Amino acid sequence: MASLPEPLTLDGGSILLRDWRDADAPILEAVCGEWDVCRFTSVPWSYSLVEATAWVTRNREKRSRREVLALAIVEAGGDEVAGNVNLGRFSDDGSRAALGYWLVPGARGRGLASAAARTITNWGFEAMGLRQIELAILPENTPSRRVAERLGATPEGLRPDSHEAGGRWWDMEIYTLHAPDVVARSGR
Ligand SMILES: CC(C)(COP(=O)(O)OP(=O)(O)OC[C@H]1O[C@@H](n2cnc3c(N)ncnc32)[C@H](O)[C@@H]1OP(=O)(O)O)[C@@H](O)C(=O)NCCC(=O)NCCS
């Protein structure tokens with residue numbers, strides 16, 4: 001599998017993706033304990049600066065083990081972190097990965113998640129040689145489903161009992177993004 005370079009900065013026009021820094025830890029306070037963010041991610045449920053900094057450190061470690069590429073989303077022209085976007089769960093042959101994202105509440109409603117997701121997935125296809133990127137979304141998570149649709153991801157239907165979080169199994173709506181050459185070939 002292609003390596004996950006560090007440092008990495010990706011320019012997505014309205015947003016910039018950059019490495020998480022220890023100094024960003026306080027921004028996590030805005031999303032710590034938020035049901036939609038915490039149940040499926042490693043973001044701490046309760047906020048303490050120690051836990052938040054540990055989350056940033058853990059992401060760095062997972063990156064060096066090539067498990068997850070998590071990048072901070074920053075609005076163009078600013079430096080405040082608006083959210084996180086990540087590629088992870090890489091298949092052994094390096095052809096498939098899963099996409100995740102969240103925004104702090106004040107950054108939602110401006111299309112930043114779509115821009116960030118498009119930027120990291122384009123990079124995944126071009127630089128990492130990925131062929132497929134999957135999104136698994138709770139059926140009732142309308143904003144996230146809209147992000148998947150804006151990306152042009154193909155809806156694959158409900159995958160029952162496919163995600164374990166918070167001590168139970170969840171049915172997830174699956175969407176797939178295909179490498180640009182596949183999309184061009186199929187005329188999608
Ligand atoms: C999912 C998330 C990243 C989307 O952020 P965003 O880019 O700001 O998305 P928006 O607020 O612009 O919403 C996207 C779409 O959903 C719609 N939407 C937003 N809130 C909605 C609601 N409560 N009910 C119905 N539609 C809603 C918007 O109108 C928009 O639709 P449009 O594309 O037709 O304009 C953000 O809501 C978030 O961080 N949620 C918590 C974490 C999460 O769920 N992550 C994804 C896990 S799979």
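**Is Met-128 buried or exposed?** Let's work through this and a few further exercises together. The model is predicted: local features need pLDDT of at least 70, side-chain atom pairs count only at pLDDT 80 or more, and totals for chains, interfaces and linings use all residues. Residues are numbered from 1 along each chain as its sequence is written, and side-chain values use heavy atoms, with hydrogens and water left out.

**Exercise 1. Place Met-128 and classify its exposure.**

Step 1: Find Met-128 in the loop between H3 and E6. Helices (H or I, at least four residues) and strands (E, at least two) are DSSP runs, numbered from the N terminus.

Step 2: Met-128 has a relative accessible area of 8%, so this residue is buried (buried is under 20% relative accessible area, exposed over 50%, partly exposed in between, with a 1.4 Å probe and protein chains only).

Step 3: Look along the chain to Ser-3, 125 residues apart from Met-128; their C-alpha atoms are separated by 7.6 Å.

**Exercise 2. Describe the surroundings of Asp-19.**

Step 1: Locate Asp-19 in strand E2, residues 15-19. With a relative accessible area of 13%, Asp-19 is buried.

Step 2: List its contacts (heavy atoms within 4.5 Å). Leaving out residues up to four places away in sequence, Asp-19 touches Glu-6, Pro-7, Leu-8, Asp-24, Arg-63, Leu-71 and Ala-72.

Step 3: Look for polar contacts (pairs of N or O atoms within 3.5 Å; within protein, one must be able to donate a hydrogen and the other to accept it, and residues adjacent in sequence count only if both atoms are side-chain atoms). The side chains of Asp-19 and Arg-63 are joined by one of 2.7 Å. A polar atom of the Asp-19 side chain also lies 3.0 Å from the backbone nitrogen of Leu-8.

**Exercise 3. Examine the backbone at Pro-7, Arg-66 and Asp-161.**

Step 1: Recall the background. Most residues other than glycine have a negative phi, and most peptide bonds are trans.

Step 2: Check the bond between Glu-6 and Pro-7: the peptide is cis, with omega about 0°. Pro-7 belongs to the segment before strand E1 (10-11).

Step 3: Turn to Arg-66, which is not a glycine but has a positive phi of about 60°. Arg-66 lies in the loop between helix H2 (49-64) and strand E3 (68-75), and counts as partly exposed at 40% relative accessibility.

Step 4: Compare with Asp-161, another residue that is not a glycine, where phi is positive at about 45°. Asp-161 is found in strand E7 (residues 154-165).

**Exercise 4. Which elements give two or more residues to the shell around the ligand?**

Step 1: Begin with the residues. The ligand is surrounded by 18 residues (each with a heavy atom within 4 Å of it), and the closest are Tyr-101, Leu-103, Gly-109, Asn-141 and Arg-150.

Step 2: Pick out polar pairs involving oxygen atoms of the ligand. A polar backbone atom of Leu-103 is 2.8 Å from one such atom, and a polar side-chain atom of Arg-108 lies 3.2 Å from an oxygen atom of the ligand. For Ala-113, a backbone N or O atom lies 3.4 Å from an oxygen atom of the ligand.

Step 3: Assign the elements. Helix H1 (35-38), strand E5 (96-103), helix H3 (112-127), strand E6 (132-137) and helix H4 (142-151) give two or more residues to the shell. H4 gives the most, with six residues.
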